[in-house]
Amino acid sequence: MLSTVTARPNFCVSTKTRGSFRQSASTLLGIKQRNSHGSCRQNVVVQSSLTVYGHPGTRSPLINWYLYEIDIPFKVLAPSNPGNPHPFGQVPALQDEGGVEMFESGAILFYLSDKYGGLDTPEKRADCGKWIMWANATLDPILFKENENGKIIGTGIGGTPKGIVRLEALLEGKEYLVDNEFSVADVAVASYLLYVPQFFREIDMGRW
């Protein structure tokens, strides 16, 4: 079920809570930071080669989530910081040691899972990579309808979109998307689902 694959962020709210997409989304969007053991922390300064440029309410918190899961320290700077390497001044963007500069959430997840998450061969990347691409290219347009100016004006999940119905079927009896264990694939897909209640509070995600 979709409620299963999106439930993992809840442990920052309560280790026993499995409901409330809205609580999950609030956690995901960076209201509190947490470490990989589930304890919440705020305003923790760490020494790290990784810098994420982002802001709550954008796609950048999904990068934060993955880094928390694999226990990699990082710092976050605002989109307006002059060091932001995004060529269009947007977020998310990322800098790492060796002069690495990246933008686009999917590309950043690919890089992080390759360098820090153990997906360091083509074979390992294959299973997770297809879900990262699907989330960005197919799931996002289902969930968030935009006008010609890129402004979100609605969602398609209020009906019964075929992509969501199929995803629900694929998750039947499973907790995770790949090999029955949590991975970057779950971050990529669940992040978009968790954003829906933040933008559209009237949508009942419980039916999925």
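In this predicted model, helix 5 and helix 6 meet through a set of side-by-side residues: Trp-131, Trp-134, Leu-139, Ile-142 and Leu-143 come from helix 5, while Gly-163, Ile-164, Leu-167 and Leu-170 come from helix 6. Sorted by kind, the residues of this contact divide into eight nonpolar, one polar and no charged. Two packed helices are described by the angle between their axes and the distance between the axes. Here the axes of helix 5, which covers residues 122–143, and of helix 6 come within 10 Å and cross at roughly 135°, which means that helix 5 is oblique to helix 6.

One residue of this contact, Gly-163, can be followed in more detail. Gly-163 lies in helix 6, and it touches Trp-134 and Ile-142 when residues up to four places away in sequence are not counted. Gly-163 and Leu-139 are 24 residues apart in sequence, yet their C-alpha atoms are 7.4 Å apart in space. Is Gly-163 buried or exposed? Neither word applies, because its relative accessibility is 21% and Gly-163 therefore counts as partly exposed, the limit for a buried residue being under 20%.

Helix 4, residues 105–115, offers a further view of packing. Its buried residues include Ser-105, Gly-106, Ile-108, Leu-109, Tyr-111, Leu-112 and Ser-113. An α-helix has 3.6 residues a turn, so residues three or four places apart point the same way. The buried residues of helix 4 pack against helix 3 (60–69), strand 5, strand 6, helix 5 and helix 7, so that helices and strands are both among their partners.

Strand 5, one of those partners, spans residues 93–96 and is covered on both faces, with Ala-93 and Gln-95 buried on one side and Leu-94 and Asp-96 buried on the other. In a regular strand the side chains alternate between the two faces of the sheet. Strand 5 also pairs with two other strands. With strand 3 (residues 51–53) the pairing is antiparallel over three bridges, and Thr-51 has Gln-95 as its bridge partner in strand 5. With strand 6 (residues 100–103) the pairing is antiparallel over four bridges, and Asp-96 has Val-100 as its bridge partner in strand 6. The hairpin formed by strand 5 and strand 6 has three residues between the strands, and within this hairpin Gly-98 takes a positive phi near 80°.

Some backbone values elsewhere also deserve attention. Most residues other than glycine have a negative phi, and most peptide bonds are trans. Against that background, the table gathers two residues other than glycine that have a positive phi.

| Residue | Phi | Relative accessibility |
|---|---|---|
| Glu-104 | near 80° | 40%, partly exposed |
| Asp-179 | near 55° | 61%, exposed |

Both residues of the table are placed in loops. Glu-104 is in the loop between strand 6 and helix 4, whereas Asp-179 is found in the loop between helix 6 (162–170) and helix 7 (184–199). The peptide bond from Val-91 to Pro-92 is cis, with omega near 5°. Where does Pro-92 lie? Pro-92 lies in the loop between strand 4 (75–77) and strand 5.

Methods: Residues are numbered from 1 along each chain as its sequence is written. This is a predicted model: local features need pLDDT of at least 70, side-chain atom pairs count only at pLDDT 80 or more; totals for chains, interfaces and linings use all residues. Side-chain values use heavy atoms; hydrogens and water are left out. Buried means under 20% relative accessible area, exposed over 50%, partly exposed in between (1.4 Å probe, protein chains only). Two strands pair if DSSP finds at least two bridges between them. Contact means heavy atoms within 4.5 Å. Axes are lines fitted to C-alpha atoms, for helices over the stretch in contact, and angles run from 0 to 180 degrees between N-to-C directions. Angles under 35 degrees count as roughly parallel, over 145 as roughly antiparallel, 65 to 115 as roughly perpendicular and the rest as oblique. Ala, Val, Leu, Ile, Met, Phe, Trp, Tyr, Cys and Pro count as nonpolar, Asp, Glu, Lys and Arg as charged, and the others, Gly among them, as polar.
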